[in-house]
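Please open the structure in your viewer and keep the selection tool at hand. This tour proceeds from one selection to the next and states what is found at each stop.

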Amino acid sequence: MNTPAAISRNPATGEEIARYPYQDAAALEASLASSQRGFAAWSQFSVEERSAALLRMAKALRANAEAMARMTTTEMGMPISQSRGEVEKCAKLCEWYAEHGPAMVADEPTLVEDNKAVVAYLPLGPVLAVMPWNFPVWQVMRGAVPIIFGGNSYVLKHAPNVMGCARLLAAVWAEAGLPEGVFEVINVEPPLVSMAIADPRIAMVAVTGSVGAGAAIAAQAGAALKKCVLELGGSDPFIVLADADLDQAVKAAVTSRFNNAGQVCIAAKRIILEAPIAEAFTERFVAAVKALQIGDPQADSTFVGPMARFDLRDELDGQVQATLAEGATLLLGGHKLEREGNYYAPTVLADVTPDMTAFRKEIFGPVASLIVARDAEHAVELANDSEFGLGGALWTTDAAKAQKLARRIVSGAVFINGFTASDPRVPIGGVKKSGYGRELSHFGLREFLNVQTIWRDRG
């Protein structure tokens, strides 16, 4: 009888890499106890000591960068140049919080006279993080770094297909000298995830994933009166107005849509074109997509690698075929590639309208949907006609108009003349079914802290 296990499989070849047997309740109990002990010790470390630990982690990440990048590429197919960039981004994240974090957790004065009241930012306890596979290092670290810097411990439940990345991350944190139990990895099936959420030692829950998974976990956390931070994906609009720099807009749209084989929550999923430039943009965009290098993700020249999971490629193809049946025009791709591995042809769909699958659903793969708007007002209306609200982009050379329109787009972020990206200097998170709460910047640090009022001599 086979023991239930998380299976890591190379999407470029279909080859099974490793099996990681799921933990039982006793093993989960040991991990939670370890995390609680780690928190008890770590929360007493000074802010200066925590900053020093992050600087050591930055060095450890760079020392192990190639191994971590290769693991990411092998387990989920991210092209190696992008995997290397992910690790370096994590190292810079550690350095940023080491430098700026102390000011964010310092006692904050209030308007109470004679400085009698201050606000303190204090650790909460172990935080359970349920993380996805699409950025198996960065997705973890962008939450873990501020959570750990704040004095909490971090319990990682990673996606089953990237458990090698999870274990490697734990090893690198240990190499950086983080106390035992502060970064804990669990490998459990859903019933034990529920058990962990309900456990009184878990103080908060962070989730990045699908709407269904986020809603289910949030309901369980709510029943236990525990706060959640949810980032649940999106269908980001990428608006190009008639006065935009088309060459730069095309370049950004291609990068944003097809990076990591389109498996990005904040990718440009719905490209909304103002009518006067729709034809010119489309022609240049299709030509640029045709030129993308598809191939072995271990090769430096590859830009589009395989999709991470075979079942998700089948789901993506079903969405594409449904959209075509609904009346969209296929300009490029639209099929699985006839080669070894889990590849899908970079695809461009035109004449997409709000009643079609590619407009209404999140398309998580190398598929771009082109939508024509009558004017800027219509473009904003189309952008907001979605159950998601994570990010978005707006291209125009009219700075004043851009500022006004950006504030009317219902999303957690709008990037003007650029594409949506995560950066420690600004918060990331969504509205509507993209979730709630924020990661990164001081918002993503304070989300996971006890905001405590300390008032003396009130009389």
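The stops below concern an annotated span and then the enclosed cavities of this predicted model.

**Stop 1: the annotated span.** Select residues 8–454. An unreviewed UniProt entry annotates this span as "domain: Aldehyde dehydrogenase". Within residues 8–454, helix accounts for 43% and strand for 18%. Now select the C-alpha atoms at the two ends of the span: they lie 49 Å apart.

**Stop 2: the cavities.** How many cavities of 30 Å³ or more does the model contain? The count comes to two.

**Stop 3: the largest cavity.** Select Pro 237, Arg 270, Phe 388, Gly 389 and Gly 391, which lie nearest the centre of the largest cavity. In total, 14 residues line this cavity. Two elements each give two or more residues to that lining: helix 13 (376–384) and strand 15 (388–389). The space inside the largest cavity is about 60 Å³. If you colour its lining by class, you should find six nonpolar, six polar and two charged residues.

**Stop 4: the second largest cavity.** Next, select Asp 236, Pro 237 and Phe 238, which are among the residues that line the second largest cavity. Add Ser 256, together with Ile 266, Ala 267 and Ala 268, which also belong to this lining. Complete the selection with Gly 392, Ala 393, Phe 419 and Thr 420. The second largest cavity holds about 30 Å³ of space. Its lining comprises seven nonpolar, three polar and one charged residues.

**Stop 5: a shared residue.** Finally, return to Pro 237. This residue lies in the lining of the largest cavity and also lines the second largest cavity.

How values were computed
Residues are numbered from 1 along each chain as its sequence is written. This is a predicted model: local features need pLDDT of at least 70, side-chain atom pairs count only at pLDDT 80 or more; totals for chains, interfaces and linings use all residues. Side-chain values use heavy atoms; hydrogens and water are left out. UniProt positions are given in the numbering used here, feature names are shortened, and annotations may be inferred rather than shown by experiment. Helices (H or I, at least four residues) and strands (E, at least two) are DSSP runs, numbered from the N terminus. On a 1 Å grid over the protein atoms alone, a cavity is a set of points where a 1.4 Å probe fits but cannot get out, and a pocket is an open set with protein on both sides within 12 Å along at least five of seven lines; lining residues have an atom within 4 Å of a point. Grid points are joined across faces, edges and corners, and a volume is the space filled by probe spheres set on the points. Ala, Val, Leu, Ile, Met, Phe, Trp, Tyr, Cys and Pro count as nonpolar, Asp, Glu, Lys and Arg as charged, and the others, Gly among them, as polar.
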